[in-house]
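Q: I'm new to this one and would like a close look at a single part of it. Could you pick out one helix, walk me through what surrounds it, and keep it relaxed?

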Amino acid sequence: MRLNEIQYDDSKPVDSYGPGFFRIGGQMFEGAICAFSGGVAPWGGYDDVETILTRKDDIDVVFVGTGSEIAHLPTDFRDALEEAGLGVEAMASPAACRTYNVLLSEGRRIAVALIPV
């Protein structure tokens, strides 16, 4: 089997996560966050669509990590993102972190909004 080192360019992958925190690109963040190819921002949860929409021209899909368990997204939240032309995928935060890292390594135009586990 041949192994290749993953290159993220200027983007920062999710290195780890735990109760109440995420480590992204070697830096620790507490609470809910949004990560984009160009950086990380605090996220106010489902009532905060603006943090995501400010980057809508740079992303095609948003993965929403709903915490330790998968949960349905509030309709208003999902509708606002979809009306802006973004794809939205809900999953548990650990799965969202892994999926984000894989697609980020492929150079995809993605973002992840994460609620801590």
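A: Let's begin with one pair of residues: Cys34 has Ala41 in strand 5 as its bridge partner. Keep in mind that this is a predicted model. From that pair we can work our way over to helix 3.

The two strands involved are strand 4, residues 33-36, and strand 5, and they pair in the antiparallel sense over 4 bridges. Together they make a hairpin, with 2 residues between them. Strand 5 covers residues 39-42, and its side chains alternate. Gly39 and Ala41 point to one face and are buried, while Val40 and Pro42 point to the other face and are not.

Now look to the other neighbour of this hairpin. Strand 4 also pairs with strand 8, residues 110-114, again in the antiparallel sense and over 4 bridges. Here the bridge partner of Phe36 is Ala111 in strand 8. Carry on and you get an open sheet of 5 strands in the order 5-4-8-6-7, with mixed pairing. Strand 5 and strand 7 (87-91) each have a single partner strand, so they stand at the edges with one side left without a neighbour in the sheet. From one strand to the next, the twist averages 20°.

That brings us to the helix. Helix 3 takes in residues 93-105 and lies across strand 4, strand 6 (61-65), strand 7 and strand 8. Compared with strand 8, helix 3 runs at about 160°. There's a simple check on its length, too: at 1.5 Å a residue, the 13 residues should span 18 Å, and the end C-alpha atoms are 18 Å apart, which agrees.

Which residues of helix 3 are buried? They are Ser93, Pro94, Ala96, Cys97, Tyr100, Asn101, Leu103 and Leu104. And what do these buried residues pack against? The list takes in strand 4, strand 6, strand 7 and strand 8, and also strand 1 (14-18) and strand 2 (21-24).

Those last two strands belong to another sheet, so to speak of the surroundings fully we should visit that one as well. It is an open sheet of 3 strands in the order 1-2-3, with antiparallel pairing. Strand 1 and strand 3 (27-30) are the edge strands, each pairing on one side only. The average twist from one strand to the next is 20° here. Strand 2 and strand 3 run antiparallel and are joined by 4 bridges, and within that pairing Phe22 has Phe29 of strand 3 as its bridge partner. Helix 3 packs on this sheet by touching strand 1 and strand 2, and its direction makes about 175° with that of strand 1.

While we're at strand 2, take a look at Arg23, which is found there. At 32% relative accessibility, Arg23 counts as partly exposed. Leaving aside residues up to four places away in sequence, Arg23 touches Pro13, Val14, Asp15, Ser16 and Met28.

Back to the helix, and to what comes after it. Helix 3 is followed by Gly107, which has a positive phi, near 80°. Around this stretch there are some charged partners. The side chains of Glu106 and Arg108 meet in a salt bridge, at 3.2 Å from N to O. Glu106 is partly exposed at 46% relative accessibility, and Arg108 is partly exposed with a relative accessible area of 46%. Arg108 and the Arg23 we just met are 85 residues apart in sequence, and 21 Å apart in space from C-alpha to C-alpha.

Arg109 has a salt bridge as well: its partner is Asp60, and their closest N and O atoms are 3.1 Å apart. Why does this pair tie together parts that are 49 residues apart in sequence? Because Asp60 lies in the loop between helix 1 (50-53) and strand 6, while Arg109 lies in the loop between helix 3 and strand 8. Asp60 is partly exposed, at 39% relative accessibility, and Arg109 is partly exposed with a relative accessible area of 39%.

The count of salt bridges comes to 3, and one of them is inside another helix. Arg78 forms a salt bridge with Glu82, with the closest N and O atoms 3.4 Å apart. These two are 4 residues apart in helix 2 (residues 75-83), which separates them by about one helical turn.

Note on methods:
Residues are numbered from 1 along each chain as its sequence is written. This is a predicted model: local features need pLDDT of at least 70, side-chain atom pairs count only at pLDDT 80 or more; totals for chains, interfaces and linings use all residues. Side-chain values use heavy atoms; hydrogens and water are left out. Buried means under 20% relative accessible area, exposed over 50%, partly exposed in between (1.4 Å probe, protein chains only). Two strands pair if DSSP finds at least two bridges between them. Axes are lines fitted to C-alpha atoms, for helices over the stretch in contact, and angles run from 0 to 180 degrees between N-to-C directions. Contact means heavy atoms within 4.5 Å. The expected span of a helix is 1.5 Å times one less than its number of residues. A salt bridge is a side-chain nitrogen of Lys or Arg within 4 Å of a carboxyl oxygen of Asp or Glu.
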